[in-house]
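Student: I'm new to this one, so could we go through it together?

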Amino acid sequence: MATHSLHLDEIIKNKLNPEQLKEYNRIHYGRIDNCEIKLQDSTLEAGKLHDFEVAAYSFSAAKEVRNPRLVKVGLIQHSIVLPTSEPIEKQRNAIFDKVQKIIETAASEGVQILCLQEAWYMPFFLCTREKEEWKEFVESADNGPSFIFLSKLAKKFNLVVISPILENDNGVWWNTAVVIDENGHYVGKHRKNHLPSVGSFSETAYYLPGNTGHPVFETKYAKIAINICYGRHHAMNWLMFGLNGAEIVFNPAATISEFGESFWGIEARNAAIANSYYTCSLNRVGTEDFTTRSTQKNISRSYYGSSYITAPNGCRTPSLSRDKDGLLIVDMDLNLCRQVKDHWGFNMTARLDMYAKELKNIHPTPNLL
Ligand SMILES: NC(=O)NCCC(=O)O
């Protein structure tokens with residue numbers, strides 16, 4: 001399918017003259033000024049040395065009676081490091097080593113909330129339909145290898161970290177996002193609500209839909225929530241996080257071009273606008289090759305990265321690359337959430353009581369005819 005590694009943003013940037021580009025950014029991305037932030041030389045050097053892209057932008061809010069509520073958010077997209085046939089501990093440690101360097105760079109830029117991609121410390125083996133072979137990657141939410149690894153970094157750098165893992169809770173598996181606070185402590189978790197069972201995505205063969213509802217975590221820096229991957233196709237999933245008070249909703253994903261790259265840039269952006277919060281879209285990169293142990297079948301999947309962030313007024317950053325590891329940093333003023341709500345009046349006109357009444361009468365199984 002898609003063979004272009006050049007991102008659409010780069011193609012457009014290369015084709016338009018500066019005036020045209022300004023107009024394109026105004027109409028398409030809602031950006032009226034250049035919101036790029038200058039990075040430290042050491043950051044650019046780290047990117048070159050360890051071969052990852054770094055980009056940084058800021059979203060401001062209008063001056064008002066409240067003090068600005070500024071927070072710096074970082075997203076990391078990355079590929080796996082070793083072949084999927086290597087011992088699991090080796091694969092995981094190699095990813096830890098790579099990601100640690102990017103986290104250190106994020107911390108040196110002052111990032112306060114950091115999110116990693118879905119199932120970040122493993123290949124996305126769920127396409128193999130094999131379970132036993134991969135069970136070592138599945139860990140306890142508050143005591144597994146990835147928690148121990150990230151908790152140290154969170155404490156060292158005063159970071160709130162969102163760590164999407166595969167969770168083993170007394171033998172039962174879940175697709176879970178763990179929140180770790182700036183002291184390295186476990187804050188809580190959210191389990192993926194909507195599971196794909198489409199094409200090569202067969203997550204229902206592994207775990208159940210989440211049972212944690214729509215939690216919002218009140219962290220030192222912001223009220224945050226996590227809508228894991230496929231949940232982005234469900235408008236009400238986004239809605240509930242907003243109604244529960246989220247200021248930033250993260251969408252850590254593992255998605256491939258055939259599964260809707262054309263609307264990757266639309267869904268989370270639309271959610272930001274509809275719910276007056278920031279959305280952070282994060283996808284893995286690279287090709288992952290598997291040979292199933294039982295049938296010796298070869299499976300190959302490539303992820304298209306393109307992580308981006310949208311503000312509640314619909315203004316969004318360009319995407320990170322389609323095929324390269326990357327760190328996206330955004331300075332955001334949380335006051336913008338309330339300002340946009342007041343301006344558009346979406347809360348006031350939402351008519352939730354009307355929908356609640358109608359939803360009560362909907363049969364839980366949709367009519368497929
Ligand atoms: N990880 C995951 O839920 N992928 C499903 C495909 C998609 O929604 O993009």
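Tutor: Let's talk about the ligand and what surrounds it. This is a predicted model, where local features need pLDDT of at least 70 and side-chain atom pairs count only at pLDDT 80 or more, while totals for chains, interfaces and linings use all residues. Residues are numbered from 1 along each chain as its sequence is written, and side-chain values use heavy atoms, leaving out hydrogens and water.

Student: What makes the Lys-192 pair with the ligand a polar contact?

Tutor: A polar contact is a pair of N or O atoms within 3.5 Å. An N or O atom in the Lys-192 side chain is 2.7 Å from a ligand oxygen, so the pair fits. At Thr-255, a polar side-chain atom lies 2.5 Å from an oxygen of the ligand.

Student: How much of the ligand does the protein cover?

Tutor: Of the 280 Å² of accessible area the ligand has on its own, 100% is covered (Shrake-Rupley method, 1.4 Å probe).

Student: Why are 4 residues of the shell called charged?

Tutor: Because Asp, Glu, Lys and Arg count as charged; the shell also has 7 nonpolar and 2 polar residues.

Technical notes: Polar contact = N/O pair within 3.5 Å; in protein donor to acceptor, adjacent residues only side chain to side chain.
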